[in-house]
Amino acid sequence: MLPPGSSPNSLGDTQVVIVSFAMARLLFQNLGQRQWRIAIVDESHCLRMINGKAGQATQAVLELLKPVPRVLLLSGTPS
């Protein structure tokens with residue numbers, strides 16, 4: 001949920017953002033403009049998917065994670 005009065009293209013001064021892989025792809029430009037201190041990726045086993053629409057979302061998430069100094073990967077699925 002976005003802060004009241006904000007557009008989907010702006011996160012304002014939001015400190016915490018929770019997005020799905022697909023939404024990360026859609027908000028790629030906005031999310032990429034911020035300097036994140038930490039990223040927590042749930043369902044991180046999905047990062048192995050590189051084909052199709054899921055692959056596009058995976059590539060967006062991986063690109064967003066590159067400059068983040070701390071990344072915590074979570075998964076309940078054995079990989």
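On a 1 Å grid over the protein atoms alone, a pocket is an open set of points where a 1.4 Å probe fits, with protein on both sides within 12 Å along at least five of seven lines. Grid points are joined across faces, edges and corners, and a volume is the space filled by probe spheres set on the points. The model toured here is predicted: local features need pLDDT of at least 70, side-chain atom pairs count only at pLDDT 80 or more, and totals for chains, interfaces and linings use all residues. Residues are numbered from 1 along each chain as its sequence is written, and side-chain values use heavy atoms, with hydrogens and water left out.

**Whole chain**

Start with a cartoon view. The protein chain has three helices and two strands, and along the sequence they follow the pattern α-α-β-α-β. Helices (H or I, at least four residues) and strands (E, at least two) are DSSP runs, numbered from the N terminus. Of the 79 residues in the chain, 27% are buried; buried means under 20% relative accessible area, exposed over 50%, and partly exposed in between (1.4 Å probe, protein chains only).

**Largest pocket**

Select Val17, Trp36, Ile38, Ala39 and Ile40. The space in the largest pocket is about 750 Å³. Among its 24 lining residues, the five just selected are the closest to its centre; a lining residue has an atom within 4 Å of a point.

Next, colour α1 (21-26), β1 (38-41) and α3 (52-65), each of which supplies at least two residues of the lining. Which element gives the largest share of the lining? That is β1, with four residues. By type, the lining divides into 16 nonpolar, four polar and four charged residues. Here Ala, Val, Leu, Ile, Met, Phe, Trp, Tyr, Cys and Pro count as nonpolar, Asp, Glu, Lys and Arg as charged, and the others, Gly among them, as polar.

**Nonpolar patch**

Switch to a surface view and select Ile38, Ile40, Leu72 and Leu74, which make a nonpolar surface patch of about 350 Å². Such a patch joins nonpolar side chains (Val, Leu, Ile, Met, Phe, Trp, Tyr) within 5 Å, from residues with over 30% relative accessible area and no salt bridge. The areas come from the Shrake-Rupley method with a 1.4 Å probe, and for residues only the protein chains shown count as cover. Leu74 sits in the segment after β2 (70-73). Leu74 is partly exposed, at a relative accessible area of 34%.

**From α1 to Ala60**

Select Arg25 in helix α1 together with Ala60. Their C-alpha atoms are 5.3 Å apart in space, although the two are 35 residues apart in sequence. Arg25 is partly exposed, at 30% relative accessibility.

Now replace Arg25 with Leu27, in the loop between α1 and α2 (28-32). From Leu27 to Ala60 the C-alpha separation is 9.4 Å, across 33 residues of chain. Is Leu27 buried or exposed? With 13% relative accessibility, Leu27 counts as buried.

**Salt bridge**

Show the side chains of Glu63 and Lys66, which meet in a salt bridge (3.3 Å, N to O). A salt bridge requires a side-chain nitrogen of Lys or Arg within 4 Å of a carboxyl oxygen of Asp or Glu, and the count by this rule is one. Glu63 is partly exposed, at 39% relative accessible area, while Lys66 is exposed, at 62%.

**Last stop: Glu43**

Finish in the loop between β1 and α3, at Glu43. Glu43 has a positive phi of about 55°, although it is not a glycine. Its relative accessible area is 38%, so Glu43 counts as partly exposed.

Methods: Patches are made of residues with over 30% relative accessible area and no salt bridge: like charges are joined within 9 Å, nonpolar side chains (Val, Leu, Ile, Met, Phe, Trp, Tyr) within 5 Å.
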